[in-house]
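Open the model in your viewer and show side chains as sticks. The stops below are given in the order in which to select them.

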Amino acid sequence: MLKPKSMTRAVIVGHKEVMDETVDTLHDINIFHIEEYNEEDSTFKIGKPFENAGEVSKKLVQLRSISSFLGIKPKEVPKQDTNVLWAELDEKLARLESELDEKTEKKNSYETRLKELDSLQKELEPFVSIPIDLKNYRGYESLSVFAGTVKGDISSEISGITNDYELEFDPNTHTIALFVRKDKEEIVAEMLADYEFREIRVPNMEGTPSEIIADIESERNTINEKITSLEMSISDIKERYSDFILASDEILSIESQKSEAPLRIATSEHTFVIDGWVPSDEYNRMTRTLESSTNGRVFVSKQEVTEEEEEEVPVEYNNAGIIKPFETIMDLYARPKYKEIDPTALIFISFPLFYGMILGDIGYALILLGLAFGVKKLFNSDAIKPLMNILIYCQVSTLIFGILYGEFLGFPLASLHGAHGIEPGLIAGFETINLFQSPIGGEMITYPIHRTHLVMTLIVLTALIGVAHINLGYILGFINEKKKHGFNAAMLEKGSWIVVEIGIVLAVLGYVGYLPIAVGAAIFVIGFIMLTKGEGIKGPIELPGLLSNSLSYTRLIAVGLSSIYIASTVNLIAFEMIWPQGGIAAVFAILVFIFGHALNTVLSIIAPGLHALRLQYVEFFTKFYEGGGKEYSPFGYIRKYTEE
């Protein structure tokens with residue numbers, strides 16, 4: 001569990017006549033990680049795709065284009081028989097494309113017409129208040145027509161130039177339609193220029209603008225109805241064909257993977273060689289299956305792995321199902337190397353523990369549990385499910401600490417007898433029990449634990465948790481280093497830190513009179529020399545980081561207190577400042593309570609998660625973890641929609 005799956009390097013050699021069967025078998029069992037061949041010598045060449053590769057790729061592109069257009073999403077459907085699918089694929093795909101093409105062509109033509117109508121209406125709108133038939137704006141030999149907009153009323157100006165004119169003016173849009181004799185065109189144009197005349201093109205149509213716009217509205221409504229009908233038809237096509245599209249995409253994807261597999265394989269004129277990795281416990285099954293499918297015409301051999309080649313071993317996690325969601329957190333940082341300790345199981349314990357210690361509120365735990373279960377049910381996504389499972393684990397921890405702290409949405413559940421009188425709790429008759437005196441600051445340890453009354457004790461406790469967590473990292477680092485470079489290197493590079501810490505602790509005990517201070521100082525010096533020898537000058541430079549790393553864990557109490565104070569402030573504003581006023585104020589108090597705690601709920605996901613994650617990545621991992629392993633990616637496909 002603390003190390004990845006054991007891997008075996010295997011080489012598969014066979015005659016080209018059985019390469020098809022070999023690829024099919026490897027794909028079906030889905031356990032062999034193929035190492036891509038790079039033409040290093042002239043003996044072997046990269047293979048060529050199988051003959052059907054081009055046709056399969058074309059159909060897959062065609063199908064995915066349709067799927068994208070229809071917005072097909074993954075969903076739970078009954079599995080379909082691959083033989084039936086292959087038999088129907090060409091005919092169904094052609095019929096689906098034909099139906100869609102017909103609908104989309106009509107829809108596109110209607111949408112194009114709508115754009116034309118919109119453009120035409122924009123051209124007509126300036127003239128809508130001018131009751132002149134559009135055909136009357138053109139076709140004159142002795143008249144000039146000015147149609148456009150002006151700044152101001154030109155009636156008096158035009159009267160001063162000529163009495164032979166016709167003018168229509170819209171005072172709202174300042175649009176004019178002016179008809180004058182040809183011999184007055186130039187002088188009228190000069191006058192209009194003074195009024196910043198801007199010509200507007202008159203559409204080449206017949207009828208008044210208001211009548212034409214009414215006809216446009218009528219046509220637009222008709223077209224929109226037809227588009228709605230077409231969209232319903234397209235939606236019906238999506239409903240009828242979605243299962244077929246999902247299943248066909250799967251079988252075509254599988255066939256595409258198989259047909260392009262030779263591009264990763266070394267081939268000669270008559271043979272092929274496939275190099276890769278298989279989990280050690282699956283090696284015999286793979287060998288038996290290949291021999292059976294090819295009638296013994298392929299040869300599988302194990303290969304020795306050198307120390308240099310261990311860097312290339314693909315890494316597959318080896319965790320129990322309950323721990324698997326936390327592999328997502330590991331992948332966010334880096335997958336472990338093959339010979340490195342896999343800390344996923346440790347994250348499974350420490351991450352929810354730190355999260356719950358920070359938040360520790362029954363109310364928020366119940367809200368976020370409901371949210372996590374709801375999202376899991378609503379979104380059937382392999383990417384979302386692990387995150388929601390992690391959130392569920394964290395909320396279980398939060399619920400436990402919420403019971404320990406006795407908190408519900410910022411309210412204390414138990415009453416507390418303090419220096420300033422009795423602080424009432426949410427549960428009548430539930431009183432805080434005094435357990436024993438804390439050696440730090442004279443604080444009283446109680447149940448429930450009131451975090452705001454035990455600040456100093458909890459600060460020291462969280463710092464000690466940090467020391468334990470960091471030293472666990474050094475122990476794991478010691479194990480990793482011992483595997484790589486032996487005991488001496490591990491002792492100097494990782495063990496030296498623990499020796500230094502022991503020296504510091506003994507020196508402190510000596511300072512308070514329990515031991516001779518020289519003992520602690522001597523051990524510290526020994527650890528310091530070991531550290532310098534193991535890590536060079538970098539070790540002593542990073543020595544002050546021990547204190548800062550340990551103090552960093554005090555965020556477990558600090559961030560938790562901030563959440564309490566936010567919740568308490570919301571409760572104070574809602575029920576002590578607003579609620580007593582009654583009436584509308586009571587409704588406002590409820591809104592403040594809901595929105596205030598909704599905001600704090602969002603913060604309750606982000607803040608504890610980020611800080612708990614930081615303690616793993618920065619304070620813990622840096623003590624032992626390198627990462628950078630290559631992901632195990634077996635050649636194959638996990639079927640969701642089809643079965644053979």
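In this predicted model, the salt bridges come to a count of 35. A few of them make useful stops.

Select Arg113 and Glu219. Their side chains form a salt bridge, with 2.8 Å between the closest N and O atoms. Arg113 sits in helix α3 (residues 82-124) and Glu219 in helix α6 (residues 209-260), so this pair ties together parts that are 106 residues apart in sequence. Colour by accessibility here: Arg113 is partly exposed, with a relative accessible area of 32%, and Glu219 also counts as partly exposed, at 29%.

Stay on helix α3 and select Glu123, then add Arg201. These two side chains meet in a salt bridge, 2.5 Å from N to O. Because Glu123 belongs to helix α3 and Arg201 to the loop between β8 (198-199) and α6, the pair ties together parts that are 78 residues apart in sequence. Are the two partners buried, partly exposed or exposed? Glu123 is partly exposed at 26% relative accessibility, whereas Arg201 is exposed, with a relative accessible area of 53%.

While helix α3 is on screen, select residues 86-120. UniProt, in an unreviewed entry, gives this range the feature "coiled-coil region". In the model the span is 100% helix and 0% strand. A distance drawn between its end C-alpha atoms should read 51 Å.

Next, select Arg181 and Asp183. This salt bridge has its closest N and O atoms 3.8 Å apart. Asp183 is exposed, with a relative accessible area of 57%, and Arg181 is partly exposed at 42% relative accessibility. For salt bridges that share partners, go on to Glu311, Lys337, Lys484 and Glu626, which such bridges join into one network.

Now return to the surface and select Glu157, Glu185, Glu186, Glu190 and Asp194. Together they form a patch of negative charge. Which helix gives the most to this patch? Helix α5 (residues 185-194) does, with four residues. One residue to centre on is Glu186, which is placed in helix α5. Glu186 has a relative accessible area of 65%, and because that is over 50% it counts as exposed.

To finish, show two selections together: the negative patch, to which helix α5 gives the most, and the pair Arg113 and Glu219, which ties helix α3 to helix α6.

How values were computed. Residues are numbered from 1 along each chain as its sequence is written. This is a predicted model: local features need pLDDT of at least 70, side-chain atom pairs count only at pLDDT 80 or more; totals for chains, interfaces and linings use all residues. Side-chain values use heavy atoms; hydrogens and water are left out. Patches are made of residues with over 30% relative accessible area and no salt bridge: like charges are joined within 9 Å, nonpolar side chains (Val, Leu, Ile, Met, Phe, Trp, Tyr) within 5 Å. Accessible areas come from the Shrake-Rupley method with a 1.4 Å probe; for residues, only the protein chains shown count as cover. A salt bridge is a side-chain nitrogen of Lys or Arg within 4 Å of a carboxyl oxygen of Asp or Glu. Lys and Arg count as positive and Asp and Glu as negative; His and the chain ends are not counted. The place of a charge is taken as NZ of Lys, CZ of Arg, CG of Asp or CD of Glu. Buried means under 20% relative accessible area, exposed over 50%, partly exposed in between (1.4 Å probe, protein chains only). UniProt positions are given in the numbering used here, feature names are shortened, and annotations may be inferred rather than shown by experiment.
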